[in-house]
Amino acid sequence: MCGRYAASRGPEDLAGVFEVERWEPEESLAPDFNVAPTKDVYAVLDRPLKDADTASTSSSVTGRPVRQLRKLKWGLVPSWSKTPEGGARMINARAETVHEKPSYRRAFAARRCILPADGYYEWVTGSQERELEVEGRKKRPRKQPYFVLPADGSVFAMAGIYEFWRDRTLPDDHPGAWWVTCSVITTEAETSPLAVAPAEGPYALADIHPRMPLMLTPDRWDAWLDPARTDTDDLRELLAPPPAGLMRAYPVSTAVSNVRNNGPELLKELEGPEEGTLF
């Protein structure tokens, strides 16, 4: 899964990496080293400017899709939802079922994005707890946190989907009338060895957690963001995991477990797991 990540790169940097044509200075976000659900996050998306500027979902709007860096809220609220309360629970969409789940399938077909990150945090799950979690029968307690990132230091481009939701309690001209929310797509964690593994395990991402965010390599960015691609079978091919051996992981302070803690010190690599934690 992906329940917390770090995003410290600024809009100028991200615009260069993703060849962004449009971003609004008023949507700039401060570096965030402990991104949690319901926070505002950066998203890269392709969308005609008129459609994006009016937050309209009308299919009659035409024009060339423009690559944009937008500020979205993490936790998808389906367009048909009566209230936004469920968004905090819809932070992840499984790659295996995103095309068929009622809450995600429309966004998957038409509104895909990339959520840029430095990397993500994950907490080691004991083997018995992991089996129960896979079966959906028990939530694991948080243990030793690890930071997972591309071994070459590049941007971690997480596959995402986004959706528009209209707050009917507000007038059309109210700045909060439209919500734009998103989810991270997850896939099975890699079982192959990490490119750089900690001295005291884990040796593969699957040793930390059975799920991981789906990382899109640059050769898939254009296809993933293209709103003209709507065929489900075609799109599902883009959900294949990236090549093995691109990631590294290292232990970090358990301070990251508290969402109130936020600073570059959270990314500091520890020599080994903190006392009393797994691994």
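## Salt bridge exercises

In this predicted model, the side chains of Arg9 and Asp13 come together in a salt bridge, with 3.5 Å from N to O.

**Exercise 1.** Work out whether Arg9 and Asp13 are buried, partly exposed or exposed, and find which residues share a salt-bridge network with them.

*Solution.* Start with the pair itself: the N to O distance is 3.5 Å, and the cut-off is 4 Å, so the contact counts as a salt bridge. Next, take the accessibilities. Partly exposed covers the range between under 20% and over 50%. Arg9 has 22% relative accessibility, so it is partly exposed. Asp13 has 36%, so it is partly exposed too. Finally, look for further partners: Asp118 joins Arg9 and Asp13 in a network of salt bridges.

**Exercise 2.** Do the same for the salt bridge between Arg22 and Glu24.

*Solution.* First the distance: the side chains meet at 2.7 Å, N to O. Then the surface: Arg22 sits at 28% relative accessibility, which means partly exposed. Glu24, with a relative accessible area of 23%, is partly exposed as well.

**Exercise 3.** Which elements hold Asp46 and Arg67, and are these residues buried or exposed?

*Solution.* Begin with the contact: the closest N and O atoms of Asp46 and Arg67 are 2.9 Å apart, in a salt bridge. Now place the two along the chain. Asp46 belongs to strand S4 (residues 40-47) and Arg67 to strand S5 (residues 66-74). They are 21 residues apart, so the pair links distant parts of the chain. Last, check the accessibility: Asp46 and Arg67 are both buried.

**Exercise 4.** How many salt bridges are there by this rule?

*Solution.* Applying the 4 Å cut-off gives 14 salt bridges.

Methods
Residues are numbered from 1 along each chain as its sequence is written. This is a predicted model: local features need pLDDT of at least 70, side-chain atom pairs count only at pLDDT 80 or more; totals for chains, interfaces and linings use all residues. Side-chain values use heavy atoms; hydrogens and water are left out. Buried means under 20% relative accessible area, exposed over 50%, partly exposed in between (1.4 Å probe, protein chains only). Helices (H or I, at least four residues) and strands (E, at least two) are DSSP runs, numbered from the N terminus.
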